[in-house]
There are 2 protein chains.
Amino acid sequence: MSSPAAPVQAAPPRPVRFGILGCADIARKVSRALLMLPPGVAAVAAVGSRSEEKARRFVAETGLPAARTHGSYESLLCDPGVEAVYLPLPTSLHVPWAMAASARGKHLLLEKPTALCAADLDAILAACDASGVQFMDTTMWIHNPRTAKMREIIADKDTFGDVRVVHSMCSFRASDDFLQNDIRVKPDLDALGVLGDIGWYCIRSILWAVDYELPQAVIAQRHPVKNQAGVLLACGATLYWADGKTATFNCSFLTNLAFDVSIYGTNGTIHVTDLVIPYEEKSGEFNVASKSNFVKPTIGWDPLPRKHVGFTDLPQEALMVQEFSRLVQNIRDAGGRPEGKWPTITRKTQVVLDAVNASIDKGCEPAEVAG
Amino acid sequence: MSSPAAPVQAAPPRPVRFGILGCADIARKVSRALLMLPPGVAAVAAVGSRSEEKARRFVAETGLPAARTHGSYESLLCDPGVEAVYLPLPTSLHVPWAMAASARGKHLLLEKPTALCAADLDAILAACDASGVQFMDTTMWIHNPRTAKMREIIADKDTFGDVRVVHSMCSFRASDDFLQNDIRVKPDLDALGVLGDIGWYCIRSILWAVDYELPQAVIAQRHPVKNQAGVLLACGATLYWADGKTATFNCSFLTNLAFDVSIYGTNGTIHVTDLVIPYEEKSGEFNVASKSNFVKPTIGWDPLPRKHVGFTDLPQEALMVQEFSRLVQNIRDAGGRPEGKWPTITRKTQVVLDAVNASIDKGCEPAEVAG
């Protein structure tokens, strides 16, 4: 037999070179995630801050020794070695810097809340579209394999039927220091307050539960809690769909940690209580009930709900960066187009968030959800 | 040593003699509970139905051989061997028969919903008060030891802080037959529909969670689902307290079985998903989180929520009958007065239920909660 020809070696994939624009606390978590990825996915090429000293300290503390440091955001965006920007700046700075990044052809991984309003987001998305760059927001739990597993169950009509009611509560008990000093309570930095920070997750989880069908209208709960500067610290709302589905949510900086989503279908029910930040980063559980009957004479349940427990080698934030990088590589290396799903679900989240804000501004009268 | 005097034997307690007025399905569960009680607590003396044949069949099927049978409700109420009446008739019949029972000095264990409106309930409560008889409604889960354990945790300011948000969902997926024929969808029998049947539990659980402080106002969710006769099949509401607490609930005959209550405090959180009918009748679990922090950098929870699991020898409906019987014995044998706590919490539940109905009737505008 003749010896076979040596196989053609595929070139190893080139990692996507990230620039981190701003040294917020959340950037430490994303840097950690970047370091967890297998070779060939992503690397941190540079970190930019308002002072180079701050960028250097961030690089040293996060263990990113290969990263260049920049003493201004502008300088980072001019770095030709940066292909994609992770942007964790305060929300009020998103429009100028996200647009500047996309104008320079950088793919954009943008912290949530993505913008102060949908009109601002639209400016960012139009810029990304014009530059042909990938856009994704940093809603990490969407990338957790648990989320896909729950979605699979919800989509199974026999198991779950039709979703009719959703409830979500996202909260954490902010410290006094947070309530005085965090950017999330400052009207000039993160003016959306709790609604932008974790109400974002309530809204996204509700939209996710109904496969991103937009509600028609939103009515905010009365008496939202605001700080003296008018920034929301706790609020809630009810969402209404054309077919009679409803959802309620509350978000709060004033109650103990909670990341609950409960989804009620005609045939089934799902409960998860740590959706946004899993109790432990490499496992994830949720409970499913389907076609539950009473044990006669109404003294128990049959069948009992089942607990699903799943494991993931990579935590959800690493999976997020991996998916974003895969899309960027597809554009860069294979002539692909940006994936439109991500900006679409970002925009829907922002549009509902706008409606909640509009309802609050109208004294909790109904607000239409712009299509 | 001289031999001690023979101890004085206390007379064995005389069981409370119940009359069951009406042979509804739920009466089978309560009859079963009565048979589980230790000696000396309670006994079924008689069963009354619109036909004696039906009463005889009920007695045979439920294993109550010592019970007399009556072919009319009136006849049962004239039975001098009946001290206490368990009344599971359709809600529209509560006022005449509950008042007739109390007028004859019978203690009253009344099925929920207790009345079509608070004014009707007030007539019943006034009659009980005038006769000096004990009143209790049949909200069984209140008597589960799990409920007391949860209450203890909520009341612990260090563990739980102040309750700020409550959510409850009670539902079961009614069969086509139920939706056509059950008394709970008939305007002349149980006109409150789902709101009276299981919305009652949502409201009671919310009031229980806030130690029975009445909300100021209620706003029903838009687009409640009604059948052709105008009876509610699914609805929801938001409740507002003077101090900013809020609660939301949904109740439905149209979604899978759910008995959820989630209570969010400044320091702690409680989740229970089988409040009304425990998954298994002799055990009960719930989850508690307290002072939950993030594992840095926001990659987990510390401490993790804890699961409490408790056991009870007697199921909650037997504990309910036992507590009611204890109160009756205290009145009958020890000169005690009726326990006012039970009618008080019944009335609060009914008053909030009225406000939800009022809000629905007003097109989901706010309704004040009558004090």
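**Two chains and one glycine**

A: Before anything else, this is a predicted model. In it, 100% of the interface residues of chain A are also interface residues in chain B, so the copies meet through the same surface.

Q: OK, and what turn lays chain A on chain B?

A: A turn of 180 degrees, with a shift of 0.0 Å along the axis, and the RMSD is then 0.0 Å. The two copies are therefore related as by a two-fold rotation axis.

Q: Which residue of chain A comes closest to that axis?

A: Thr248(A), whose C-alpha is 3.8 Å from the rotation axis.

Q: Switching topic. Where is Gly40(A) found?

A: In chain A, Gly40(A) sits in the loop that runs between α1 (25-36) and β2 (42-48).

Q: Is Gly40(A) buried or exposed?

A: Buried, because its relative accessibility is 19% and the cut-off for buried is under 20%.

Q: What is Gly40(A) in contact with, leaving aside neighbours within four places in sequence?

A: Pro13(A), Arg14(A), Pro15(A) and Gln329(A).

Q: And how far apart are Gly40(A) and His143(A)?

A: In sequence, 103 residues; in space, 19 Å from C-alpha to C-alpha.

Q: What feature does UniProt place at residues 16-136 of chain A?

A: The UniProt record, an unreviewed entry, gives "domain: Gfo/Idh/MocA-like oxidoreductase N-terminal" for that span.

Q: How much of residues 16-136 is helix, and how much strand?

A: The span is 43% helix and 21% strand, and its end C-alpha atoms lie 15 Å apart.

Terms used:
Residues numbered from 1 in each chain as written. Chains lettered and ligands numbered in written order. Predicted model: local features only at pLDDT ≥ 70, side-chain atom pairs only at ≥ 80, totals over all residues. Heavy atoms only, no water. Least-squares fit on C-alpha atoms with pLDDT ≥ 70 in both. Contact = heavy atoms within 4.5 Å. Helix = DSSP H or I, 4+ residues; strand = E, 2+ residues; numbered from the N terminus. Buried < 20%, exposed > 50% of the residue type's maximum accessible area, 1.4 Å probe, protein only. UniProt positions renumbered as here; feature names shortened; annotations may be inferred.
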